[in-house]
Number of protein chains: 2
Amino acid sequence: MTEQSSPQPLSPTLFDDPDCAGSPSRPLRVGGKWTAVVLRCLEDGAPRRFSELRVPLHWITPKVLTETLRSMERDGFLTRTAHDENPPRVEYALTDLGRSLLTPLDAACAWTRAHAPEITEARAAYERAAP
Amino acid sequence: MTEQSSPQPLSPTLFDDPDCAGSPSRPLRVGGKWTAVVLRCLEDGAPRRFSELRVPLHWITPKVLTETLRSMERDGFLTRTAHDENPPRVEYALTDLGRSLLTPLDAACAWTRAHAPEITEARAAYERAAP
DNA sequence: CCGAATCCTTGTGGATACTG
DNA sequence: CAGTATCCACAAGGATTCGG
């Protein structure tokens with residue numbers, strides 16, 4: 001098996017940026033576990049290939065990525081374009097609807113970043129009170 | 001058992017208002033299934049008792065409500081106040097932190113309402129293409 | 001290369017019954 | 001009233017394998 005070191009993997013729990021790595025509170029989520037991370041991967045508007053998407057997604061298994069992409073396609077968040085070539089090439093890109101989801105997503109992410117310290121402290125206090 | 005007709009039950013998938021009843025797309029969620037609904041129940045600032053909370057929550061089972069409240073207390077979203085009386089009385093109320101979560105929550109809810117028709121249409125189109 | 005098919009593990013939520 | 005304690009069902013995520 002090929003040795004892989006995902007460069008800057010995004011977290012499954014979404015709304016994370018690197019800062020939230022410890023991920024205080026399961027933050028807001030969209031649909032499945034990976035939906036929002038896919039949104040982040042595609043937010044620059046450039047279409048991406050299946051295998052490209054796996055890299056920043058912690059080497060998510062194909063099955064799970066397929067499921068995620070299918071449901072997002074079904075909901076109109078992205079388009080799937082299969083080019084009839086050999087080797088096959090399939091590209092995914094956000095639709096306007098998908099891009100519009102980034103707005104509430106960013107709001108939620110901002111909230112998480114802003115309040116992560118409070119949550120961490122609240123948890124610590126809770127532990128102190130009830131060990 | 002007492003016959004109960006929960007008056008205007010809030011949906012588990014959160015961010016719902018009555019309009020989103022059909023709930024296109026699993027919308028954004030906060031932590032567990034019920035977290036955000038509890039936020040909504042407490043958003044007016046008035047403290048509520050355990051049993052009061054069960055009513056608008058579809059008669060959620062005590063176990064699940066307890067879990068939800070515990071995790072929210074732990075994260076500092078609400079406070080739990082046990083009055084030493086008989087019969088016992090326990091009240092839950094949002095903290096400032098919990099209240100602040102309502103902002104991104106409202107944003108997400110607004111997005112869902114605004115785009116629900118598009119999602120519904122996208123799904124219909126998807127079904128037409130791949131029946 | 002892009003997935004589909006299969007099987008398995010886990011987490012989350014829920015039903016029911018019982019207690020301080 | 002406000003929970004615990006058990007047991008259970010199911011969906012989601014994941015590993016592995018196979019196919020176009």
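# Chatting through a protein–DNA model

User: Hi! How many bridges join β2(B) to β4(B), and which way do the two run?

Analyst: Two bridges link β2(B) with β4(B), and the two strands run antiparallel. Strands here are DSSP runs (E, at least two residues), helices are DSSP runs too (H or I, at least four residues), and both are numbered from the N terminus. Two strands pair if DSSP finds at least two bridges between them.

User: Which residue is the bridge partner of Arg49(B) in β4(B)?

Analyst: That would be Glu91(B).

User: Before we go on, what kind of model is this?

Analyst: It is a predicted model, where local features need pLDDT of at least 70, side-chain atom pairs count only at pLDDT 80 or more, and totals for chains, interfaces and linings use all residues. Residues are numbered from 1 along each chain as its sequence is written, chains are lettered from A and ligands numbered from 1 in the order in which they are written, and side-chain values use heavy atoms, with hydrogens and water left out.

User: Thanks! Back to chain B: what is the strand order in the open sheet?

Analyst: The order is β2-β4-β3, three strands with antiparallel pairing. β2 (48–49) and β3 (78–83) of chain B are at the edges with a single partner strand each, so one side of each has no neighbour in the sheet. Helix α1 (residues 35–42) of chain B packs on this sheet and touches β2, β3 and β4 of chain B. Its direction makes about 95 degrees with that of β4(B). Contact means heavy atoms within 4.5 Å. For the angle, axes are lines fitted to C-alpha atoms, for helices over the stretch in contact, and angles run from 0 to 180 degrees between N-to-C directions.

User: New topic: DNA. Which residues come nearest to DNA strand D?

Analyst: Lys33(A), Lys63(A), Arg70(B), Arg80(B) and Tyr92(B) come nearest, out of 20 residues around the strand. Sugar and phosphate make up 66% of the atoms of DNA strand D that come within 4 Å of the protein. A residue is near a strand or molecule if one of its heavy atoms lies within 4 Å of it.

User: What does Tyr92(B) reach with a polar side-chain atom?

Analyst: A phosphate oxygen of DNA strand D, at 2.5 Å. The side chain of Trp34(A) also has an N or O atom 3.1 Å from a phosphate oxygen of that strand. Pro88(B) uses a backbone N or O atom instead, 3.4 Å from a sugar or linking oxygen of DNA strand D.

User: Which element gives the largest share of that surface?

Analyst: α3(B), with four residues of the surface near DNA strand D.

User: And DNA strand C, which residues come nearest there?

Analyst: Of 18 residues around DNA strand C, the nearest are Ser51(A), Arg70(A), Arg80(A), Tyr92(A) and Lys63(B). A polar side-chain atom of Tyr92(A) is 2.4 Å from a phosphate oxygen of DNA strand C. Trp34(B) has a side-chain N or O atom 2.7 Å from a phosphate oxygen of that strand. For Arg49(A), a side-chain N or O atom lies 3.2 Å from a sugar or linking oxygen of DNA strand C.

User: Last one: how many residues are in contact between chain A and chain B?

Analyst: 31 residues of chain A are in contact with 31 residues of chain B. The two chains bury about 2,500 Å² between them, 63% of it on carbon and sulfur atoms. Arg74(A), Trp111(A) and Tyr126(A) supply 26% of the area that chain A buries against chain B, more than any other three residues. Buried area is the accessible area (1.4 Å probe) that two parts lose on being put together, summed over both.

Note on methods
Polar contact = N/O pair within 3.5 Å; in protein donor to acceptor, adjacent residues only side chain to side chain.
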